[in-house]
Amino acid sequence: MKPPMISRKIEWIVEVDNEPVGIAALVGLDWMNRRAQPQLGFLNTRRAKDIVKASAMMLDFGFNKIAFKKATSHVYEYNSKSQKYTLHIGFKEEGFLHSHVYNPKTKMRIGMYVYGYIEEDYLKNNKLHEFLT
């Protein structure tokens, strides 16, 4: 296992009631520019509360423990649920990448929304911080 300075990622197992239910990660760690991309994946459909809590803990680590200044997220154009969730936890839409990735299954190109969350906005988000207690 490589350290985060080399692998450019930090990963956690997400547990609910001492049972593993998913994975959380900060990837694409950019130490010079102090930014990362949070990613979540769950085994089954989880309660929104569990997803928000995992997100809050991951963002808290990024902003408060390793002093990052920005988190960025890319969401597929067809994933409206993730788009709404990303905005709900405090990210702001920063743009749209047209025809950004190729899907070999459908043989189509897919656009992606780009979201950003800066430290100042995170520190003001008391609603999200409530999930840390």
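Mentor: Contact here means heavy atoms within 4.5 Å, and with that cut-off in hand we can begin reading this model, which is a predicted one.

Trainee: Which residues does N103 touch, leaving aside those up to four places away in sequence?

Mentor: With those sequence neighbours set aside, N103 touches M108 and I110. As for its place in the fold, N103 belongs to strand β5, which covers residues 92-103. The side chain of N103 also has a polar atom that lies 2.9 Å from the backbone nitrogen of K105.

Trainee: How should I look for empty space, and how much of it lies in the largest pocket?

Mentor: The general idea is that rolling a probe the size of a water molecule over the atoms shows where empty space is left. In this structure, the largest pocket holds about 820 Å³ of space. Its lining is made up of 29 residues, and those nearest the centre of the pocket are L40, I51, S82, Y85 and T86.

Trainee: Which elements each supply at least two residues of the lining of the largest pocket, and how do its residues divide?

Mentor: Two strands, β3 (35-42) and β4 (70-76), and two helices, α2 (48-65) and α3 (80-88), each supply at least two residues of that lining. By class, the lining of the largest pocket divides into 14 nonpolar, 13 polar and two charged residues.

Trainee: What does the lining of the second largest pocket have by class?

Mentor: The lining of the second largest pocket has nine nonpolar and six charged residues, with no polar ones. This pocket contains about 360 Å³ of space, and of the 15 residues that line it, V14, E15, K53, A54 and M57 lie nearest its centre. Helix α2 gives the most to this lining, with eight residues, while β1 (9-16) is also among the elements that supply at least two.

Trainee: How many cavities of 30 Å³ or more does a search of the whole structure find?

Mentor: A cavity is a space where the probe fits but cannot get out, whereas a pocket is open. The search of the whole structure finds one cavity of 30 Å³ or more. About 50 Å³ of space lies in the largest cavity, and the residues that line it are L26, A36, P38, L59, G62, F63, F68, K70 and A71. Elements β3, α2 and β4 are those that give two or more residues to this lining, and the largest share, three residues, comes from α2. When the lining of the largest cavity is sorted by class, seven residues are nonpolar, one is polar and one is charged.

Methods:
Residues numbered from 1 in each chain as written. Predicted model: local features only at pLDDT ≥ 70, side-chain atom pairs only at ≥ 80, totals over all residues. Heavy atoms only, no water. Helix = DSSP H or I, 4+ residues; strand = E, 2+ residues; numbered from the N terminus. Polar contact = N/O pair within 3.5 Å; in protein donor to acceptor, adjacent residues only side chain to side chain. 1 Å grid on protein atoms, 1.4 Å probe; cavity = no way out; pocket = protein on both sides within 12 Å on 5 of 7 lines; lining within 4 Å. Points joined across faces, edges and corners; volume = space filled by probe spheres on them. Nonpolar A, V, L, I, M, F, W, Y, C, P; charged D, E, K, R; others polar.
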